[in-house]
Amino acid sequence: INAEYGGKGDPLIKSCFAWAGWQYAKQLAGVTRRYRKERGVEYVGPDNGYIDAVCMGRVFDSWDLIQSGFVEQIKKSPKTLPKVRLFKLTGSGALGAARLSNPDIPLDHASLTELMCEVVDGNIVAGAKNGY
C-alpha cells in the first residue's frame, strides 16, 4: 500500500490511510488522558494549551490521505484534544535522543521541525489541508 495509488482515487487505499490517521489520533488522546490523570493536571502542553507531537516515519509523507481520519477522531475527543499541532521532523532524530539523555542540550525546535497540521476544536486552522 502506498500513497501513490491512494492519491489516484483507490478507495481501499484511501480508507486504509484514513484509518491510520484515526488510530494515531486515538493513541494521542489516550496518552494525553493518561498523562493528565497521572500528573493531576487539567491540560497538557505549554501555557497556550496545545498538544504538540512530532511525527516520524514515511507514512506521514502521505499526510494528505491520513489527515481526514485524524481530524474525524479529534472531533470525537474535543475535551481531550482541543488544540493539537503536528510537526514533521526535518532534522535528525538522534538530536532528540541526545536531549532525552541530557536535558541541558539546547535544541532549536523551529529549525528541526515543520508544521504539518494545526487543529483547534476539530477544525484545521494551519498547515496544508492537502499535504504539506
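**Exercise 1. In which loop does Asp-61 lie, and is Asp-61 buried or exposed, or something between the two?**

Solution. The model is a predicted one, and a first step is to place the residue along the chain: Asp-61 belongs to the loop between strand E1 (51–55) and H3. The next step is to look at accessibility, where the value for Asp-61 is 39% relative accessibility, so this residue counts as partly exposed. A last step is to look for a partner further along the chain: Lys-88 is 27 residues away from Asp-61 in sequence, and the C-alpha atoms of these two residues are separated by 9.1 Å.

**Exercise 2. Describe the protein chain as a whole, beginning with its helices and strands.**

Solution. Counting the elements gives five helices and four strands in the protein chain, and reading them along the sequence gives the pattern α-α-β-α-β-α-α-β-β. Turning to burial, the protein chain has 132 residues, of which 33% are buried. For the contacts, take those between residues at least 6 apart in sequence; of these, 70% join residues at least 24 apart.

**Exercise 3. Work out how helix H2 and helix H3 pack, and which kinds of residue make up their contact.**

Solution. Begin with the geometry: helix H2 (residues 11–39) and helix H3 (residues 63–76) have axes 6 Å apart and pack at an angle of about 40°. Because of that angle, H2 is oblique to H3, and the crossing of the two helices is right-handed. Next, identify the residues that meet: on the H2 side they include Phe-17, Gly-21, Trp-22 and Leu-28, while on the H3 side they include Leu-65, Gly-69, Phe-70 and Lys-76. Sorting the residues of this contact of H2 with H3 by kind then gives eleven nonpolar, four polar and four charged.

**Exercise 4. Explain why Cys-55 and Cys-117 are not joined by a disulfide.**

Solution. The rule asks for a pair of cysteine sulfur atoms within 2.5 Å. For Cys-55, the closest cysteine sulfur is that of Cys-117, at 9.1 Å, which is too far for a bond. Starting instead from Cys-117, the closest cysteine sulfur is that of Cys-55, again at 9.1 Å and too far for a bond. The count therefore comes to zero disulfides. As for their surroundings, Cys-55 counts as buried at 2% relative accessibility, and Cys-117 counts as buried at 1%.

**Exercise 5. Locate Thr-113, decide whether it is buried or exposed, and list its contacts beyond its neighbours in sequence.**

Solution. Thr-113 lies in strand E3 (residues 113–120). Its relative accessibility is 17%, and since buried means under 20%, Thr-113 counts as buried. Once neighbours within four places in sequence are left aside, Thr-113 is in contact with Val-54, Phe-87, Lys-88, Leu-89 and Thr-90. Lys-88 also appeared in the solution about Asp-61, where the C-alpha separation of that pair was 9.1 Å.

Terms used:
Residues numbered from 1 in each chain as written. Predicted model: local features only at pLDDT ≥ 70, side-chain atom pairs only at ≥ 80, totals over all residues. Heavy atoms only, no water. Axes fitted to C-alpha atoms, helices over the stretch in contact; angles between N-to-C directions. Parallel < 35°, antiparallel > 145°, perpendicular 65-115°, else oblique. Left-handed = near helix turned anticlockwise from the far one by under 90°. Contact = heavy atoms within 4.5 Å. Nonpolar A, V, L, I, M, F, W, Y, C, P; charged D, E, K, R; others polar. Buried < 20%, exposed > 50% of the residue type's maximum accessible area, 1.4 Å probe, protein only.
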